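Visitor: Could you take me through one part of this protein closely, and then show me how its surroundings are put together? I would like a connected account rather than a list.

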Amino acid sequence: MNKNTIKKYYDARSACQVLGVLMKNPRKVKSKEYVLEQEDFVSGLHQTIFTCIYNLSLQGVKEIGLNEIETYLSTADPIGYKKVFEKYTGEEWILKTIKDANEANFEHHYNVIRKMALLRSYIQQGVDVKEILDMTEIDPKIIQIQREAFNSKSIDDIIKELDKKNLTAKRR
């Protein structure tokens, strides 16, 4: 699959929710329960903000707001600063992301991000994941059915399903 198809396997809304919660509570980024990496985010803006949150949390920052991000990026990552604050109107985006973040739904959005990252990884290895989630589907009913099934599966469920598919293919 090409890069454009791989990029479709990303949920920007869930990414924004996760980033917003992490800004409110940066301790989560260091939690062993919620493992996140820069590669879990596809958007350059999201990757830059995640890296900023991660590094600020390592410095002991307890809550991250616009000032902390602006200060960090302007000194540690001037290119990231320019990208966030000039290309993406970062002030508005950061403030809205923090305001809209709902900590009660963090785990759901975290799981969506991790499952999408898993699917992208499989796609990059040449594995067809359309049985799990077909982001090229255009029929709204099929999309809804697939999304409901996807949301009900754990990461382990997805791995088992794709491993079973690979084992079946090997036997032939």
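Guide: Residues count as being in contact when heavy atoms lie within 4.5 Å, and it is in that sense that the covering of a helix is meant here. The model is a predicted one, and the part to look at closely is helix α3, which covers residues 44-58. What covers the buried residues of α3 includes α2 (12-24), α4 (66-76), α5 (78-87) and α6 (90-100).

The helix itself has 15 residues and reaches 21 Å from its first C-alpha to its last, which is close to the 21 Å expected at 1.5 Å a residue. At its N-terminal end α3 is capped by Ser-43, a side-chain oxygen of which lies 3.2 Å from the backbone nitrogen of Leu-45. Leu-45 is also one of the buried residues of α3, and the others are His-46, Thr-48, Ile-49, Phe-50, Cys-52, Ile-53, Leu-56 and Ser-57. Just after the helix, Gly-60 takes a positive phi of about 90°.

Two of the helices that take part in this covering, α2 and α6, are worth following further. In α6 lies Thr-97, whose relative accessible area is 6%; because buried means under 20%, Thr-97 counts as buried. The side chain of Thr-97 reaches the backbone oxygen of Trp-93 at 2.7 Å, and, when residues up to four places away in sequence are not counted, Thr-97 touches Cys-16, Leu-19, Gly-20 and Met-23.

Helix α2 also packs against helix α7 (residues 106-124), at an angle of about 125° and with the axes 8 Å apart; the two helices are therefore oblique to each other. In passing α7, α2 makes a left-handed crossing. On the α2 side Ser-14, Ala-15, Gln-17, Val-18, Val-21 and Leu-22 take part, and they meet Phe-106, His-109, Tyr-110, Val-112 and Ile-113 in α7.

Stepping back to the whole protein, there are 9 helices and 0 strands, and the C-alpha trace spans about 55 × 30 × 30 Å along its principal axes. Of the 172 residues, 40% count as buried, and, among contacts with a separation of 6 or more, residues 24 or more positions apart account for 72%.

Conventions. Residues are numbered from 1 along each chain as its sequence is written. This is a predicted model: local features need pLDDT of at least 70, side-chain atom pairs count only at pLDDT 80 or more; totals for chains, interfaces and linings use all residues. Side-chain values use heavy atoms; hydrogens and water are left out. Helices (H or I, at least four residues) and strands (E, at least two) are DSSP runs, numbered from the N terminus. The expected span of a helix is 1.5 Å times one less than its number of residues. Buried means under 20% relative accessible area, exposed over 50%, partly exposed in between (1.4 Å probe, protein chains only). A polar contact is a pair of N or O atoms within 3.5 Å; within protein, one must be able to donate a hydrogen and the other to accept it, and residues adjacent in sequence count only if both atoms are side-chain atoms. Axes are lines fitted to C-alpha atoms, for helices over the stretch in contact, and angles run from 0 to 180 degrees between N-to-C directions. Angles under 35 degrees count as roughly parallel, over 145 as roughly antiparallel, 65 to 115 as roughly perpendicular and the rest as oblique. A crossing is left-handed if the near helix is turned anticlockwise from the far one by less than a right angle, and right-handed if clockwise.
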